[in-house]
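Take a walk through this model with the coordinates open beside you. Keep the viewer ready to jump between residues.

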Amino acid sequence: MEHRQVYKTDSPLNKNGNNILSILIGKNTIKYALYNDAFNLLDLSLITHSNLISKDVASILDSPLFNSITYSNCIIGLVSEFAVIPQEYFDDNKMDGYLAKQLGQDYKIAYSYDILENPNVRIVYKKDNDLTLQLNSFLKNTKVYNSVSPLINSMVANYTEDTAILNNFFEDQFDYICLKQGKLQMANRYNCDTPENYLYYLLNAMQINKASCTTAKVILSGVIDETDNRTKLSQSYILNTALLYDKTVNDSNNNSAALSQHYNLLALAKCAL
């Protein structure tokens, strides 16, 4: 197991202990952040593991690293396959074929859904019951979502221009979320194991959404920075491409973390409200 701390503030923690722990759980990676009750970033870290996280999550969460974190609420985002279903059309019995195609033939073993109010949709996803039980046994006051659900909520709340697209990277995939005039057009997860695959899926999705490479605003976030080849490709093909570097936290020791590095975790933390 490898632990890498991306950012840690020198500011004191809340004396009342009302800190929020946000955790993203993928196949081999855990990314977590700690916020105070004003949603100021206190700690941002990555844990990578050679084995599947679901197999060794108990040993990770029972380690001194997690036992030393003080928090009052824990919000967990599972990075798993999902389907977006308009609320008025949702009927899991009638949609069996579609859900099996989107989530896998074994999806009925364990699946769940997040209900969003704006847009009025359900995010249906496979849920590992054993993993969820272990998370609840080692962590307190937990809420579990698919990782894309808070991203959609955050995008709808913050971007109302003509066309805004978020590409959020985690492990070898990226979430693509497209809005027009603040209305959700599409949300999907694509592979980006190579920069070329990323560009192919991005441009294809933009074509489906009739999003112009010259006028659409494309926002990059997640495990990515300005030196990443996917960033450079985005900037080469899409005029209005930006990382979320307009908001950067700093402390007195000149430690810094850009919003792009923890945008999904911040959106998760706000689910504690």
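What follows goes from the open pocket to one helix, then to the enclosed cavities, and ends with some local backbone and side-chain details. The model is predicted.

Start with the largest pocket. Its volume is about 660 Å³. The lining counts 23 residues, and those closest to the centre of the pocket are V79, S80, K126, D128 and L131. Two elements give two or more residues to this lining: α1, residues 53-61, and α4, residues 129-138. The largest share comes from α1, with three residues. By class, the lining of the largest pocket holds 10 nonpolar, five polar and eight charged residues.

Now turn to α4 itself. Which of its residues are buried? They include L131, T132 and L135. Seen down the axis of α4, the buried residues fall within an arc of 100°, so they line one face of the helix. An α-helix has 3.6 residues a turn, so residues three or four places apart point the same way. The other side of α4 carries D130, L133 and S137, which are exposed. What does the buried face pack against? The partners of the buried residues of α4 are β2 (20-25), α1, β5 (73-78) and β9. Thus α1 appears twice here: α1 packs against the buried residues of α4, and α1 also gives residues to the lining of the largest pocket. L131 has two roles as well. L131 is buried in α4, and L131 is listed among the residues closest to the centre of the largest pocket.

Look next at the start of α4. There, a side-chain oxygen of D128 comes to within 3.1 Å of the backbone nitrogen of D130. D128 is another of the residues closest to the centre of the largest pocket. D130, its partner in this contact, is exposed.

Move on to the enclosed space. How many cavities of 30 Å³ or more does a search of the whole structure find? It finds two. The largest cavity holds about 60 Å³ of space. Its lining is made of L24, K31, N168, F169, F170, G222, S260, Q261, H262, Y263, N264 and L265. Two elements, β10 (163-170) and α8 (263-269), each supply at least two of these residues. Five lining residues are nonpolar, six are polar and one is charged.

The second largest cavity holds about 40 Å³. V79, S147, N168, F170, Q173, F174, D175, R189 and N264 line it. Here β10 and β11 (173-180) each give at least two residues. The largest share, three residues, comes from β11. This lining divides into three nonpolar, four polar and two charged residues.

Compare the two linings. N168, F170 and N264 appear in the lining of the largest cavity, and N168, F170 and N264 also appear in that of the second largest. V79 makes a link to the pocket: V79 lines the second largest cavity and is one of the residues closest to the centre of the largest pocket.

Now check the backbone in the loops. The peptide bond from N118 to P119 is cis, with omega near 5°. P119 sits in the loop between β7 (111-116) and β8 (121-126). N141 has a positive phi, near 50°, and is not a glycine. N141 lies in the loop between α4 and β9 (142-146). Is N141 buried or exposed? At 51% relative accessibility, N141 counts as exposed; the cut-off for exposed is over 50%. K210 is another residue other than glycine with a positive phi, near 50°. K210 is placed in the loop between α6 (195-208) and β13 (217-222). K210 counts as exposed, at 69% relative accessibility.

Finish at Q185. This residue is found in strand β12, residues 183-191. Q185 is partly exposed, with a relative accessible area of 40%. Leaving out residues up to four places away in sequence, Q185 touches C178, L179, K180 and N209. The side chain of Q185 also reaches the backbone oxygen of K183, at 3.1 Å. Q185 and I208 are 23 residues apart in sequence, and their C-alpha atoms are 9.8 Å apart in space.

How values were computed. Residues numbered from 1 in each chain as written. Predicted model: local features only at pLDDT ≥ 70, side-chain atom pairs only at ≥ 80, totals over all residues. Heavy atoms only, no water. 1 Å grid on protein atoms, 1.4 Å probe; cavity = no way out; pocket = protein on both sides within 12 Å on 5 of 7 lines; lining within 4 Å. Points joined across faces, edges and corners; volume = space filled by probe spheres on them. Helix = DSSP H or I, 4+ residues; strand = E, 2+ residues; numbered from the N terminus. Nonpolar A, V, L, I, M, F, W, Y, C, P; charged D, E, K, R; others polar. Buried < 20%, exposed > 50% of the residue type's maximum accessible area, 1.4 Å probe, protein only. Contact = heavy atoms within 4.5 Å. Polar contact = N/O pair within 3.5 Å; in protein donor to acceptor, adjacent residues only side chain to side chain. Arc of directions from axis to C-beta.
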